[in-house]
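Reader: I am a first-year student, and I would like a close look at one part of this structure. Please take it slowly, and show me how that part connects to what surrounds it.

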Amino acid sequence: MSKKTPLSKPVSVRLSPMVRNTVAKLSDETGLLQAQIYDFILRAGCTAIEEKGRKLQLPLRFEIKE
């Protein structure tokens with residue numbers, strides 16, 4: 001029997017209560033899993049950082065364009 005390679009590995013991250021609450025609310029409002037929302041947010045952040053040549057300017061600020 002062959003085992004499938006997992007698509008991702010578990011990660012343990014400490015998050016602020018504000019972040020957890022925001023993601024929980026988004027999950028309730030959209031019906032998406034919290035893990036999916038975290039993944040979307042992290043992908044968007046990584047894309048923005050890559051587009052700026054991996055130059056970090058802290059604190060990070062993101063703008064949502066429609």
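Author: Let us take the second largest pocket, whose lining consists of five nonpolar, one polar and four charged residues. Keep in mind throughout that the model is a predicted one. The volume of this pocket is about 280 Å³.

Which residues line the second largest pocket? They are Ala 48, Ile 49, Glu 51, Lys 52, Lys 55, Gln 57, Pro 59, Leu 60, Arg 61 and Phe 62. Helix 2 covers residues 34-51, and the lining includes Ala 48, Ile 49 and Glu 51 from that range. Pro 59 and Arg 61, two other members of the lining, belong to the segment after helix 2.

Start with Pro 59. The peptide bond that leads into Pro 59 from Leu 58 is cis, and its omega is near -5°. Two places along is Arg 61, which is also part of the pocket lining. Is Arg 61 buried or exposed? Residues over 50% relative accessible area count as exposed, and Arg 61 has 71%, so it is exposed. Its partner for a distance check is Ile 49, another lining residue. Twelve residues separate Arg 61 and Ile 49 in sequence, while their C-alpha atoms are 11 Å apart in space.

Now step back to the place where helix 2 ends. Gly 53 follows helix 2 and has a positive phi, near 70°. Arg 54, in the segment after helix 2, also has a positive phi, about 60°, although Arg 54 is not a glycine. With a relative accessibility of 61%, Arg 54 counts as exposed.

The side chain of Arg 54 has a partner. It meets the side chain of Glu 50 in a salt bridge, with 3.0 Å from N to O. In general, side chains that carry opposite charges can pair when their charged atoms come close. Glu 50 has a relative accessibility of 46%. Since that value falls between 20% and 50%, Glu 50 is counted as partly exposed.

How many salt bridges are there by this rule? The count is two, and the other one takes us further back along helix 2. It joins the side chains of Asp 39 and Arg 43, at 2.7 Å from N to O. Both residues sit in helix 2, four places apart, which is about one turn of the helix. An α-helix has 3.6 residues a turn, so residues three or four places apart point the same way. Arg 43, at 55% relative accessibility, is exposed, whereas Asp 39, at 32%, is partly exposed. From Asp 39 you can also look toward the start of the chain: Lys 9 is 30 residues away along the chain, and the two C-alpha atoms are 12 Å apart.

Asp 39 brings us to the other pocket to look at. The largest pocket holds about 950 Å³ of space. Its lining is made up of 26 residues, and Ile 37, Tyr 38, Asp 39, Ile 41 and Leu 42 are the ones nearest its centre. Sorted by class, that lining contains 20 nonpolar, three polar and three charged residues. Which helix gives the largest share of this lining? Helix 2 does, with eleven residues. Helix 1, residues 17-30, also supplies at least two residues.

The two helices themselves are simple to describe. Helix 2 is 18 residues long and spans 26 Å from first C-alpha to last, close to the expected 26 Å. Helix 1 has 14 residues and a span of 20 Å, close to the expected 20 Å. Just after helix 1 comes Gly 31, which has a positive phi of about 80°.

One residue of helix 1 deserves a last stop, namely Ser 27. Its relative accessibility is 13%, so Ser 27 counts as buried, since the limit for that is under 20%. Apart from neighbours within four places in sequence, Ser 27 is in contact with Leu 32, Leu 33, Gln 34 and Ile 37. Ile 37 has already appeared, as one of the lining residues nearest the centre of the largest pocket.

Terms used: Residues are numbered from 1 along each chain as its sequence is written. Side-chain values use heavy atoms; hydrogens and water are left out. On a 1 Å grid over the protein atoms alone, a cavity is a set of points where a 1.4 Å probe fits but cannot get out, and a pocket is an open set with protein on both sides within 12 Å along at least five of seven lines; lining residues have an atom within 4 Å of a point. Grid points are joined across faces, edges and corners, and a volume is the space filled by probe spheres set on the points. Ala, Val, Leu, Ile, Met, Phe, Trp, Tyr, Cys and Pro count as nonpolar, Asp, Glu, Lys and Arg as charged, and the others, Gly among them, as polar. Buried means under 20% relative accessible area, exposed over 50%, partly exposed in between (1.4 Å probe, protein chains only). Contact means heavy atoms within 4.5 Å. A salt bridge is a side-chain nitrogen of Lys or Arg within 4 Å of a carboxyl oxygen of Asp or Glu. The expected span of a helix is 1.5 Å times one less than its number of residues.
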